[in-house]
Amino acid sequence: MPAPFTSSLCGYRDGRPNTSDKGDPGSVSLGKVFFEAMGIPSDAIPPQQAVGNLMASQMASDLQSHLAPGAPHLAVVPEKPFTSFEQFSHLNAGRELRGDMAADVIRAVNELQRFSAAPGFEGDLRATINIHLNQIRAEIQQAEERRRQLLNLLGEESLLKLDITVSRAVGSPLTGQDTLPHLIAGLSLKWTLRTDRAQDCRSQGSKMAALRRGRMPHFAAVTMEPRPSMLALLGKGSGDVDCVYHLNLPALDSAIEEYCSGTQRKPRMAMRDNFKRLCEHRRIRDYDELRSYLATL
């Protein structure tokens, strides 16, 4: 079944469906057949807001409503960084260590030095205290400089935020207190796909697998892209992305069948075969399967 909010995000811009690449005539032609299969009128106006943001907020609400009853420990939230979850919280360690850790100690040393200038600390005693405090200050500054040099050698991993996260609240078995939530699923949302955008998803999935500490979350892309060639950029990957959920797979199936039927042109026949293969291999799945998966958690 299609996502219930999809039609409200569709419309035409300058006579072209807002799922189509204006520089690709084939994308525009297929997009029109796709919109006809969805029942989108030719005078439909797309949202004024960014479609990607609306897609994220409406999908998060829809998925949250389809969680199993009595599962308050689960949360579907848009736009969260990886480090918000227990499997990836260690990625914050380097950033936290980059703070000026020596500042408090240096301030304490300076206070002691001012205190030693008070009456009662005279002659050799004051000189000895100052010598030791100056030595402590110098050693702290040297250690801090060395720490900064080592941190700079480590570098940092850059990870994009997850467009939608599904997480479970976790309690510590030792203290009984809540810790960071456990990431169950992460979704990368792409209203449409371009070559560069598709690689973002695969890079994100690859980094998740390499940097996690614990079980790998379910990671998938969600899109409204109609072109099989673009869907294949993700669907034929090597496992960086588990699968691609399509927001209206039934309408796309009908549109491709209509667009490619009644012709012997090899490109269109190859398009239909490519799409069928992606579906048969379950690299592209119906949005309803995502809902069903979350309902079992």
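Select Asp 14 to start: with a relative accessible area of 70%, this residue is exposed. The model on screen is a predicted one. Asp 14 sits in the loop that joins strand E1 (12–13) to strand E2 (16–17). Check its backbone as well: phi is positive, about 55°, although Asp 14 is not a glycine.

**Arg 282**

Go next to Arg 282, in the loop between H9 and E8. Here too phi is positive, about 60°, and the residue is not a glycine. Is Arg 282 buried, partly exposed or exposed? Its relative accessibility is 37%, and partly exposed covers the range between under 20% (buried) and over 50% (exposed), so Arg 282 counts as partly exposed.

**Helix H9**

Step back from Arg 282 to the helix it follows, H9. Select residues 266–280, the 15 residues of this helix. At 1.5 Å a residue they should span 21 Å, and the end C-alpha atoms are 21 Å apart, which agrees.

Now colour Asn 274, Phe 275 and Leu 278, which are buried in H9. They cover an arc of only 95° around the axis, and therefore lie on the same side of H9. In general, an α-helix has 3.6 residues a turn, so residues three or four places apart point the same way.

Which elements do the buried residues of H9 pack against? Show helix H7 (228–235), helix H8 (249–260) and strand E8 (284–286) to see them. Then turn the view to the face of H9 directed away from its buried side, where Lys 266 and Glu 280 are exposed.

**Helices H2 and H10**

Select helix H2 (residues 51–65) together with helix H10 (residues 287–295). Their axes are 9 Å apart and the packing angle is about 50°. Angles from 35 to 65 degrees count as oblique, so H2 and H10 are oblique to each other.

To display the contact, pick Met 59, Asp 62 and Leu 63 on H2, then Tyr 287, Leu 290, Arg 291 and Leu 294 on H10. Sorted by class, this contact has five nonpolar residues, two charged ones and no polar ones.

**The buried side of H10**

Keep H10 selected and hide the rest. Tyr 287, Leu 290, Arg 291 and Leu 294 are buried in this helix. The arc they cover around the axis is only 100°, which puts them on the same side of H10.

Finally, bring back what covers these buried residues of H10: the cover includes H2, strand E4 (162–168), strand E5 (182–190), strand E6 (218–223), strand E7 (244–246) and E8.

How values were computed:
Residues numbered from 1 in each chain as written. Predicted model: local features only at pLDDT ≥ 70, side-chain atom pairs only at ≥ 80, totals over all residues. Heavy atoms only, no water. Helix = DSSP H or I, 4+ residues; strand = E, 2+ residues; numbered from the N terminus. Expected span 1.5 Å × (residues − 1). Buried < 20%, exposed > 50% of the residue type's maximum accessible area, 1.4 Å probe, protein only. Arc of directions from axis to C-beta. Contact = heavy atoms within 4.5 Å. Axes fitted to C-alpha atoms, helices over the stretch in contact; angles between N-to-C directions. Parallel < 35°, antiparallel > 145°, perpendicular 65-115°, else oblique. Nonpolar A, V, L, I, M, F, W, Y, C, P; charged D, E, K, R; others polar.
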